[in-house]
Amino acid sequence: MKICDVVIIGAGAAGMMCAIEAGKRKRKVVLVDHSHKIGRKILISGGGRCNFTNINTCPESFVSKNPHFCKSALARYTPHDFIELVKGHGIKFHEKKLGQLFCDNSAHEIVDLLVGECHKLGISFQLGCQTEAIEKNDNFTIKTNKENFACESLVIGTGGLSIPQVGASSYGYEIAKQFNLSIIEPSPALDGFNLKATELNYFKNLAGVSVDTVVTCNNVAFRENILFTHNGLSGPASLQASLYWEKSMPITINLLPDIDPSMFLSQMRRDKPRTEVKNILCEVLPKRFAEEFCQYYSFNGNLSEMSEKGLGQIAQTLKAWQIFPESTVGYKKAEVTKGGVDTAELSSRSMEVKKINGLYFVGEVVDVTGQLGGYNFQWAWSSGFAAGQYV
Ligand code: FDA
């Protein structure tokens, strides 16, 4: 039995940040991970360049049953704190768009930073290690396939269910259940949408086409691209909308966010009355999309042949194209898992379970989910930091 102060299950973003902070407080920490490779999700993030934070981070960038829960941790460890750490390691980075910071070179640099800090502080890693049982008496006993640990503080940073191929598991939720903690039903988010067969028959032909839009779901709007796929919709605007989407809800797409479609169509009817609607729409939308869209809605004929009402219908559809997706694509593609350990069970200051001394949950396993754009890593850093001050 190895005696230590803190065992952290999950050597991902939040787990390593927590380890570093606890290590600075001279706590004896062991990071346990079932994977043989450290930080696999960090390595695949941001297309291999890791969008490690967002300078516009604010509580409104997150979804949770309790939208106030994230405030304390985000205020105590901000994007600027992580940026200072990144700068301190000489990692070059840039803002891609909308406050999203990416490494210039590789996500490996972020993993190296975290692992380097852990090594400096004497934190040990136990990799390829399956946890078999956890017991709580005065302290925690953790039985694994490698060695057993006894510790005062146990931190669960096992992440969500997205991308099982890189080690995602439901283990964090199982531990929560073992200790009778309530869980907000997990579901895939920051994910594409599968369309219903009627729409898919038309729009699957557009796989690869992207359109600049404003997508609104559940009263939250995003100005970004949608991308058509073989199953339906992807692209940043769809991914963002998926965070707010629930079964049977519509998403509404403004296909011409920079122009008033009614004015545009009326003007075109005056200027080019003999032109077909689809050819007019090709002037402001990708050609393949305009053609398929007009075919789907039977928007046929020359502009001069259109009634005022017909033109109004086209304008309305362009401004607020309503789609009822069949589902999201699922955990194989989703960037995050929405839901998780109910924040009502945790202290927002320390991430400690209110009714169980010494048990902490950090990162994505908690019911705090960020929008696309570096927010989820910021939550991992902030929640890991918060727990690291107390474990
Ligand atoms: P994380 O998933 O990082 O770590 C969990 C750790 O627990 C893993 O090491 C895993 O092996 C381990 N584990 C799981 N089960 C275990 C068990 N039973 N026993 C032991 N160990 C176990 N976010 C962002 O802000 N910017 C971005 O650019 C991206 N990009 C991105 C791309 C893709 C493809 C995905 C899938 C996700 C992103 N994300 C992202 C989301 C981001 O990666 C995610 O929110 C954080 O990694 C969450 O950090 P955690 O430490 O909570 O979990």
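This report describes a predicted model of a protein chain with a bound ligand.

## Overall architecture

The protein chain is made up of 391 residues, and 55% of them count as buried. Its secondary structure comprises 13 helices and 21 strands. The C-alpha trace spans about 85 × 45 × 35 Å along its principal axes. Of the contacts in the chain with a separation of 6 or more, 72% are made by residues 24 or more positions apart. The chain exposes about 16,600 Å², and carbon and sulfur atoms supply 49% of that area.

## The ligand and its shell

The ligand is surrounded by 30 residues. The closest of these are Ala-14, Asp-33, Ser-169, Glu-364 and Phe-377. By residue class, the shell divides into 11 nonpolar, 15 polar and four charged residues.

Three helices, H1 (13-24), H2 (40-44) and H13 (375-388), each supply at least two residues of the shell. The largest share comes from H13, which contributes four residues.

Oxygen atoms of the ligand approach polar atoms of the protein at the distances listed here.

| Ligand atom | Protein partner | Distance |
|---|---|---|
| Oxygen | N or O atom in the side chain of Asp-33 | 2.6 Å |
| Oxygen | N or O atom in the side chain of Glu-364 | 2.7 Å |
| Oxygen | Polar backbone atom of Asn-376 | 3.4 Å |

Taken alone, the ligand exposes 1,000 Å², and the protein buries 92% of that area.

## Helix H6 and its surroundings

Helix H6 covers residues 171-178. Its buried residues are Tyr-171, Gly-172, Tyr-173, Ile-175 and Ala-176. These residues pack against six strands: E1 (2-9), E8 (131-136), E10 (149-156), E11 (183-189), E19 (336-341) and E20 (359-361). After the helix comes Asn-180, whose phi is positive, near 60°.

Phe-179 lies in the loop between H6 and E11. It takes part in one of the aromatic pairs described next.

## Aromatic pairs

The structure holds 24 aromatic pairs. One of them joins Phe-140 and Phe-179 in an edge-to-face arrangement, with 6.4 Å from centre to centre and 70° between the planes. The pair links distant parts of the chain, since Phe-140 belongs to strand E9 (residues 140-144) and Phe-179 to the loop between H6 and E11, 39 residues apart. Phe-140 is buried, with a relative accessible area of 0%. Phe-179 has 12% relative accessibility; because the cut-off for buried is under 20%, Phe-179 also counts as buried.

Another pair is formed by Phe-193 and Trp-245. The ring centres of Phe-193 and Trp-245 are 5.5 Å apart and their planes stand at 75°, so this pair is edge-to-face. An angle over 60 degrees is what places a pair in that class. Phe-193 lies in strand E12 (residues 193-194), and Trp-245 lies in the loop between helix H8 (236-244) and strand E16 (251-254), so the pair ties together parts that are 52 residues apart in sequence. Phe-193 counts as buried at 0% relative accessibility, and Trp-245 counts as buried at 8%.

Ring pairs also link a cluster of aromatic residues, made up of Tyr-202, Phe-203, Phe-228, Phe-289, Phe-293, Tyr-296, Tyr-297, Phe-299 and Trp-321.

## Contacts of two helix residues

Arg-269 is located in helix H9 (residues 261-271). Its side chain makes a polar contact of 2.4 Å with the side chain of Glu-308. With neighbours within four places in sequence left aside, Arg-269 is in contact with Leu-303, Ser-304, Met-306, Ser-307, Glu-308 and Leu-311. Glu-308 therefore appears both as the polar partner of Arg-269 and in its list of contacts, for which heavy atoms must lie within 4.5 Å.

Leu-85 is located in helix H4 (residues 79-88). With neighbours within four places in sequence again left aside, Leu-85 is in contact with Met-17, Tyr-77, Leu-113 and Glu-117. Leu-113 is 28 residues away from Leu-85 along the chain, and the C-alpha atoms of Leu-85 and Leu-113 are separated by 8.5 Å. Met-17, another contact of Leu-85, falls within the residue range of H1 (13-24), one of the helices that supply residues to the shell around the ligand.

Key:
Residues numbered from 1 in each chain as written. Predicted model: local features only at pLDDT ≥ 70, side-chain atom pairs only at ≥ 80, totals over all residues. Heavy atoms only, no water. Buried < 20%, exposed > 50% of the residue type's maximum accessible area, 1.4 Å probe, protein only. Near = heavy atom within 4 Å. Polar contact = N/O pair within 3.5 Å; in protein donor to acceptor, adjacent residues only side chain to side chain. Areas by Shrake-Rupley, 256 points an atom, 1.4 Å probe, with all protein chains shown as cover. Nonpolar A, V, L, I, M, F, W, Y, C, P; charged D, E, K, R; others polar. Phe/Tyr/Trp six-rings, centres within 6.5 Å; stacked < 30°, edge-to-face > 60°.
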